[in-house]
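Thank you all for coming; I would like to take a few minutes to walk through one model, beginning with how its helices pack and then turning to a strand.

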Amino acid sequence: MFSWGRSEGGYSRANGFHVILEKRKMNTMTMACCLKYLLITVFWWIFSLSCTQAAQPLPLSDKTQAEGSEGLSSPLKKYDSYNAKEYFYEVPKAWEIQFHRVMNNLSQLLGGYDIDIVAWPSWRAPPIVHGKRLEGGQYVSGGHGGGGKRRVMLVLEIVQDELIQEHPHMRSVMAHEYFHVYQRHVNPSIEEAFSVKWLIEGSAAVFESMYLRDFEQVDDYAETAQLRHAVPDDFGARMESYGNGDVNYGTSTAMVLLACREGGFQRMLDFWKRQPNNTNWKQLFEELFHVSVEQLYREGQHVSPKTLDLSRMGNLRQMRF
Ligand SMILES: [Zn+2]
C-alpha cells in the first residue's frame, strides 16, 4: 500500500513537485531552486542528524547518454550475476536494501554487467566520479574509468520523498535504467548509431512497468504513471526524436504496447537482439512485427491509449533476454 492517493495524480513524476526533463547527450539540467527547496534541504539536514529520512523534491531526468562523445570499444560483456562496481555516497540504508533486492531480480533477468553504479541522495551535491562531477538525475551514460578506460555508468540520484513514500518509481527507475544497460549489451549501436526515442525509451518504460507488475506487485503503473500522458495525435515520426516533450514517455510506452500487441514484449526483445541502427531499423521492424513502421504510426493515431495495457505483453520470468 502507498500512503498517497492515486486520485491526486497517481504515480506521475510530472505531478506536484516532480517535473520530468527530457534530456539527451549534452543537454544541461536546470535544477529547481526556490525557497521551498532551501527549507526542505534544511529540514532534511536536521532530520538526517536524528537518523530520520526527509523528503526532497528535485526534478528527475532520464537520458540514455550523458556524454556520448565516444563510442564503446566493445559490447558490454554479460555475466551470470550482478557485477557492478558501486560508488555510493551517503545513500540511506533503506534505499540500499531495496536497491540490492531489485538489482538481484534484474540481474537474474537481464544478466550482470561490469559497469559503474553511482548513487547519492538528492540533498547533497552530485559526486565527483573518475575526476568529473556528475550531472544530477537518473540515467545511463558513458564515462571514463581508471586509466582512461571507457566505462558505462548507471546514475541514480535518490529522491527522498520517493523513499519516504515507498513510491514505486524509486524501484521502477532502477529497472528502467538497467534495461538501458541491457540494450547496450545486445545492441552497441545504441551508443551512437541508433537513436529512435520511442523504441529506446518505450521499451525501457514497458519493461519497468512489467517489472513492477511481475516482481513488486504494483499492477497499475503503466496506466497511472505512463499511459495517462500518451497523446495519440503524436504517434508518428516525431516520436523518433529526443527533441519532443513526451511526458514520462507516455506516448513512447503506448507505441511499444501497440507494436507488441500481437507478439508480446518478447518480440521487442527479439528486435533489440537484431541490433537495429538508424539505417536498418525500419526494415528490421517490419520483419519482426509484420507491419511497417508507417502502418503502425497510422494505426496508432486511431487507437485509444485506454485499449493498450500490459496484459498482452507476457511475463518477464518467461522472456528470453
Ligand atoms: Zn530512459
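Before the first helix pair, a word on handedness: a crossing is called right-handed if the near helix is turned clockwise from the far one by less than a right angle, and left-handed if it is turned anticlockwise. Please keep in mind throughout that this is a predicted model.

With that convention, H2 passes H4 in a right-handed crossing. The residues that make this contact are, on H2, Gln98, Phe99, Val102, Met103, Leu106 and Leu110, and, on H4, Met170, Arg171, Met174, Ala175, Tyr178, Phe179 and Tyr182. Sorted by class, that comes to 11 nonpolar residues, one polar and one charged. As for the geometry, helix H2 covers residues 93-110 and helix H4 residues 168-186, and the two pack at an angle of about 35°, their axes lying 10 Å apart.

A general point helps in reading such lists of contact residues: an α-helix has 3.6 residues a turn, so residues three or four places apart point the same way.

Staying with H4, is this helix mostly covered or mostly open? Of its 19 residues, 18 are buried, so to speak of it as mostly covered is fair. Its length also holds up as a check, because 19 residues at 1.5 Å a residue should span 27 Å, and the C-alpha atoms at the two ends of H4 are indeed 27 Å apart.

The second helix pair I want to show is formed by helix H8, residues 265-273, and helix H9, residues 281-289, which pack at an angle of about 145° with their axes 10 Å apart. Here too the crossing of H8 past H9 is right-handed. On H8 the contact involves Arg267, Asp270 and Phe271, while H9 contributes Leu284, Phe285, Leu288 and Phe289. By class, five of these residues are nonpolar and two are charged, with no polar residue in the contact.

Turning to the strand, S10 runs over residues 150-158, and seven of its nine residues are buried, so the rest of the structure largely encloses it. Which way does S10 pair with strand S6, residues 116-121, parallel or antiparallel? The pairing is in the parallel sense, and it extends over six bridges; one bridge joins Pro121 to Ile158 of S10.

Finally, for the chain as a whole, there are 10 helices and 10 strands, and 43% of the 321 residues are buried. Among contacts with a separation of 6 or more, 76% join residues 24 or more positions apart.

Notes. Residues numbered from 1 in each chain as written. Predicted model: local features only at pLDDT ≥ 70, side-chain atom pairs only at ≥ 80, totals over all residues. Axes fitted to C-alpha atoms, helices over the stretch in contact; angles between N-to-C directions. Helix = DSSP H or I, 4+ residues; strand = E, 2+ residues; numbered from the N terminus. Contact = placed C-beta atoms within 7 Å. Nonpolar A, V, L, I, M, F, W, Y, C, P; charged D, E, K, R; others polar. Expected span 1.5 Å × (residues − 1). Buried ≥ 20, exposed ≤ 12 C-beta atoms within 10 Å, placed from the backbone. Pairing = 2+ DSSP bridges.
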